[in-house]
Amino acid sequence: MAYTDNRNCTLCRVMRGLAFGGIGAAIGGYGALLFGVERSDAIYYALFGAVALTAFLQRKREKKDSEDE
């Protein structure tokens, strides 16, 4: 029977991306509001936070996966 990596299936990667995107958006958006940015501009910081956290963790995960091989 072939080995299946259940931690890295497509659905797991999508759900992980959504979760960390939400966390990044919350940190970026509420962090911007904490520093006094107007509410209408905080959405841009939330978007940047979501993209940044997801990309950072994806890059970190790819490095870990390449070390495991």
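**Exercise 1. Classify Ala-25 by relative accessibility and place Ala-25 in the fold.**

Solution. At 25% relative accessibility, Ala-25 is partly exposed, because buried means under 20% relative accessible area, exposed over 50%, and partly exposed in between (1.4 Å probe, protein chains only). The model is predicted: local features need pLDDT of at least 70, side-chain atom pairs count only at pLDDT 80 or more, and totals for chains, interfaces and linings use all residues. Residues are numbered from 1 along each chain as its sequence is written, and side-chain values use heavy atoms, with hydrogens and water left out.

Next, the location: Ala-25 belongs to helix α1. Helices (H or I, at least four residues) and strands (E, at least two) are DSSP runs, numbered from the N terminus.

Then the contacts, meaning heavy atoms within 4.5 Å. With neighbours within four places in sequence left aside, Ala-25 contacts Tyr-30, Ala-46, Gly-49 and Ala-50. Finally, a distance: Ala-25 and Thr-54 are 29 residues apart along the chain, and their C-alpha atoms are separated by 9.9 Å.

**Exercise 2. Describe helix α1 by its span and its buried residues.**

Solution. Helix α1 covers residues 10-34. Its 25 residues reach 36 Å from the first C-alpha to the last, close to the 36 Å expected at 1.5 Å a residue; the expected span is 1.5 Å times one less than the number of residues.

The buried residues of α1 are Gly-21, Gly-24, Gly-28, Gly-29 and Ala-32. Just after the helix, Gly-36 takes a positive phi of about 95 degrees.

**Exercise 3. Find what Ala-32 and Leu-53 touch beyond four places in sequence.**

Solution. Start with Ala-32, a residue of α1. Its relative accessibility is 6%, so Ala-32 counts as buried. Ala-32 touches Val-37, Ala-42 and Tyr-45, not counting residues up to four places away. For Tyr-45, 13 residues away in sequence, the C-alpha to C-alpha distance from Ala-32 is 6.5 Å.

Now take Leu-53, which lies in helix α2 (residues 39-68). Leu-53 has a relative accessible area of 23% and is therefore partly exposed. With the same exclusion of residues up to four places away, Leu-53 touches Phe-20, Ile-23 and Gly-24. Gly-21 is 32 residues from Leu-53 in sequence, and their C-alpha atoms are 6.6 Å apart in space.

**Exercise 4. Identify the residues of the nonpolar surface patch.**

Solution. Leu-11, Val-14, Met-15 and Leu-18 make a nonpolar surface patch of about 420 Å². Patch residues have over 30% relative accessible area and no salt bridge (a side-chain nitrogen of Lys or Arg within 4 Å of a carboxyl oxygen of Asp or Glu). Like charges are joined within 9 Å, and nonpolar side chains (Val, Leu, Ile, Met, Phe, Trp, Tyr) within 5 Å. Leu-11 sits in α1 and, at 61% relative accessibility, counts as exposed.

**Exercise 5. State how many disulfides the structure holds, and give the exposure of Cys-9 and Cys-12.**

Solution. The structure holds zero disulfides, a disulfide being a pair of cysteine sulfur atoms within 2.5 Å. Cys-9 is partly exposed at a relative accessible area of 29%. Cys-12 is also partly exposed, at 28%.

**Exercise 6. Summarise the whole protein.**

Solution. The protein has two helices and zero strands. Of its 69 residues, 14% count as buried. Among contacts between residues at least 6 apart in sequence, 52% join residues at least 24 apart. The accessible surface comes to about 5,800 Å², of which 64% belongs to carbon and sulfur atoms. Accessible areas come from the Shrake-Rupley method with a 1.4 Å probe; for residues, only the protein chains shown count as cover.
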